[in-house]
Protein chains: 4
Amino acid sequence: MARKVGSIGAETADKVRLAALSLFARYGYAAVSMRQIGREIGLQAGAIYNHFPTKQHLLRGLMVEHMERLLNAWDAERDDSLPPREALVAFVRFHIRYHVKCGDEVFISYMELRNLEEENFSEIEELRRRYEQSLGRILEAGAREKVFTVSDPRVATMAVIAMLTGVTSWYRPDGRLSLEKIEELYVGMISGAVGMKEN
Amino acid sequence: MARKVGSIGAETADKVRLAALSLFARYGYAAVSMRQIGREIGLQAGAIYNHFPTKQHLLRGLMVEHMERLLNAWDAERDDSLPPREALVAFVRFHIRYHVKCGDEVFISYMELRNLEEENFSEIEELRRRYEQSLGRILEAGAREKVFTVSDPRVATMAVIAMLTGVTSWYRPDGRLSLEKIEELYVGMISGAVGMKEN
Amino acid sequence: MARKVGSIGAETADKVRLAALSLFARYGYAAVSMRQIGREIGLQAGAIYNHFPTKQHLLRGLMVEHMERLLNAWDAERDDSLPPREALVAFVRFHIRYHVKCGDEVFISYMELRNLEEENFSEIEELRRRYEQSLGRILEAGAREKVFTVSDPRVATMAVIAMLTGVTSWYRPDGRLSLEKIEELYVGMISGAVGMKEN
Amino acid sequence: MARKVGSIGAETADKVRLAALSLFARYGYAAVSMRQIGREIGLQAGAIYNHFPTKQHLLRGLMVEHMERLLNAWDAERDDSLPPREALVAFVRFHIRYHVKCGDEVFISYMELRNLEEENFSEIEELRRRYEQSLGRILEAGAREKVFTVSDPRVATMAVIAMLTGVTSWYRPDGRLSLEKIEELYVGMISGAVGMKEN
DNA sequence: AATGAATGAGAGTTCATTCAT
DNA sequence: TATGAATGAACTCTCATTCAT
């Protein structure tokens, strides 16, 4: 549903989120002040507190929302009936495609973990674990069915995630390679890494 | 008290570096104060300035020294006469072995880049580029000689580096897997990723 | 506590200016801290920054405002149609009367010049030059018309200004001499110094 | 007597005094640090404490020594047998000649009074009072003998001193006017100011 | 007499946060 | 809901001074 007319508050909150996201990604949570966020959107620092109780809530929100959107997007796209090979390709393509679209969110979700208070940290870690488990299950299934040669699926999961997420650190929409081409390259490399049998 | 017997400047500077390294890695450069660093080693914050002109110099120093040690270590170990396959295996083993030994340095060298001032950033980036080029050259040579199947060596370089460096984020000396085993696993995955021909 | 009822920004800024003026005059700009200024008026040092961006701005403001008030006051009182003798008397009386009323401003405007940053210094110097030129013109006119005997009007200008401004360093409202009497004494001495012809 | 060979200490103390004098005059006592003084002469700040117990002593020393040298110089030159007119001319010439030679000393002796601790302040004030009294006595004698027309010798004393000392603020050795010419101009103006009878 | 390293205080300034308006 | 002004704590960095060497 579209946002109700007159619901200015939610719009402001969104502007704050957006500004914070961009600033946190660029300079880091600790180095960005509430004043800076406010300035970015023509607001006094104090006004932000009408929308977010603390700076920490703002950070937590950005990370939780990102992780939940990611999980939802993957849930919407995943097809658990696919065999491991196809499932892995789907995951790789999804991960790259989704992550390059929200580089800032990805970046802060990795970089600012240590600035989360204990409880918030656990919450995010649990969400991340759930997402990475999607890949873990695929690799395990492939190993079980002997279509992949992964002697240690847990290590393989982390290796693949690291490799994939690395894309966000250099991808540029106007870069040398199209997104499609990049996906293809990574599908190729990861297929090789997990020893995917040709058929 | 003016000076503790036996405690000389270089030792203090080292203690500062060590404390800063650990704190920066744990909480982030921006979130760590000079007081905190001092407290860690029983020093007033102001005394740190006898050894480092600014907090930024301290950070730059940690990163430059790490990168230079890394480059020197690799220069000492590399053997440019090795054929691509053996060279890649050597690089993978070296990278993992070296990086897990200095997780904090690696971590801040990636995480705190944005907290470097322009000039220092360029300096570190150049050092990193030189290191990563070592891998790049191996992959290019392998591609040229058709012993690897990498359709885009530049992307492959970044993918491999990302995968490898990811190890530092979960490796524990007392973990489930020995370092030797981990190296072996990554040699396997990366060989697959670059389509290394069996012979 | 957030805001005291009835206390608005402009009032606070004025209180800060007043406190700073008095403290700078008594102890010198460099020797007065923002905390000291705040303490004087029951404010945290940080709160001063809601009204003045830096300590230097605060100083510049005090000096610029003083000089502009002085120039305006003289512009309101001067009468360019007066012949040199009467004009000089008017200037002397004005200068003394105006300056003893704002001893602190006068004091810091002379004493703190070296604590002004380059640009601010030039600005103040230009204002001072304009004011002193008023006297210079009178002396030059008098010399031209041969009603004064000043062989070097530029030196005479500086001599007269120095003599006049010296009053602020010892004048006390409850002192031995009335302001009227002091003006009279200086009119006499300065008339003599410039060799004013009796008629 | 010439300084003994090997008396390095006194030479260092002199270098410190010289550096401090120049820096205090340029930037003000409060704005100059012991490190800055040391740096100027290739010394660590701590070493200064081998020669002066505190920064305050250093300042006091500079001012006391200046005032005593001034008094001694005047004592050597004064001739109490001169009649008031000649005595005034002698004083004027002496004051200008002496003061332009030590602009820094004069400057800090006026500017840094407020940075002196109570006791040191009184000491300097007393020395200054003694010097200015020299002029006061001349003016009083001249008034008594009716060779000057000064209705208030105390005010006249301050006026003349202010006028004379002002010279140091603009005099440049390579300026438009020779020192001799400047002395002459001031003798003229001051003679007029005190209503000196032609004979 | 000088150095280099330290202390403890304090500088100017910024911070997250609060709250009367 | 936003502002502007405030708090109190914290920041990086510099200070005068001390003292073992």
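Of the atoms of DNA strand E that lie within 4 Å of the protein, 63% belong to sugar or phosphate, and the rest belong to bases. I should state at once that this is a predicted model. Around strand E there are 42 residues, and those that come nearest are T12(B), H51(B), Y49(C), K55(C) and H51(D). By character, the residues of this surface divide into 16 nonpolar, 18 polar and eight charged.

Let me turn to the individual phosphate contacts. In chain A, an N or O atom in the side chain of Y49(A) is 2.7 Å from a phosphate oxygen of DNA strand E. V32(A) approaches with its backbone instead: one of its backbone N or O atoms lies 3.3 Å from a phosphate oxygen of the strand. In chain C, a backbone N or O atom of V32(C) is placed 3.2 Å from a phosphate oxygen of DNA strand E. Which elements give two or more residues to the surface near this strand? Chains A and C each provide helix 2 (34-40) and helix 3 (45-48), chain B provides helix 1 (9-27), and chain D provides helix 3 (45-48).

For chain A there is also an annotation to report. An unreviewed UniProt entry assigns "domain: HTH tetR-type" to residues 10-70 of chain A. In the model, that span is 74% helix and 0% strand, and its end C-alpha atoms lie 22 Å apart.

I move now to helix 8 of chain C, residues 153-165. At 1.5 Å a residue, its 13 residues should span 18 Å, and the end C-alpha atoms are indeed 18 Å apart, so expectation and model agree. Is this helix largely enclosed or largely open? Of its 13 residues, 10 are buried, and the helix is therefore largely enclosed by the rest of the structure. Among the buried residues are V155(C), I161(C), M163(C) and L164(C). Their packing partners come from two chains: the buried residues of the helix pack against helix 5 (84-101), helix 6 (103-111), helix 7 (118-144) and helix 9 (179-193) of chain C, and against helix 8 (153-165) and helix 9 (179-193) of chain D.

Finally, I consider a single residue, I124(B), which is found in helix 7 of chain B, residues 118-144. I124(B) is buried, with a relative accessible area of 0%. Leaving aside residues up to four places away in sequence, I124(B) touches R60(B), M63(B), V64(B), M67(B), L113(B) and L116(B). The C-alpha atoms of I124(B) and E65(B) are separated by 9.8 Å, although the two residues are 59 residues apart along the chain.

Terms used: Residues are numbered from 1 along each chain as its sequence is written. Chains are lettered from A and ligands numbered from 1 in the order in which they are written. This is a predicted model: local features need pLDDT of at least 70, side-chain atom pairs count only at pLDDT 80 or more; totals for chains, interfaces and linings use all residues. Side-chain values use heavy atoms; hydrogens and water are left out. A residue is near a molecule or strand if one of its heavy atoms lies within 4 Å of it. A polar contact is a pair of N or O atoms within 3.5 Å; within protein, one must be able to donate a hydrogen and the other to accept it, and residues adjacent in sequence count only if both atoms are side-chain atoms. Helices (H or I, at least four residues) and strands (E, at least two) are DSSP runs, numbered from the N terminus. Ala, Val, Leu, Ile, Met, Phe, Trp, Tyr, Cys and Pro count as nonpolar, Asp, Glu, Lys and Arg as charged, and the others, Gly among them, as polar. UniProt positions are given in the numbering used here, feature names are shortened, and annotations may be inferred rather than shown by experiment. The expected span of a helix is 1.5 Å times one less than its number of residues. Buried means under 20% relative accessible area, exposed over 50%, partly exposed in between (1.4 Å probe, protein chains only). Contact means heavy atoms within 4.5 Å.
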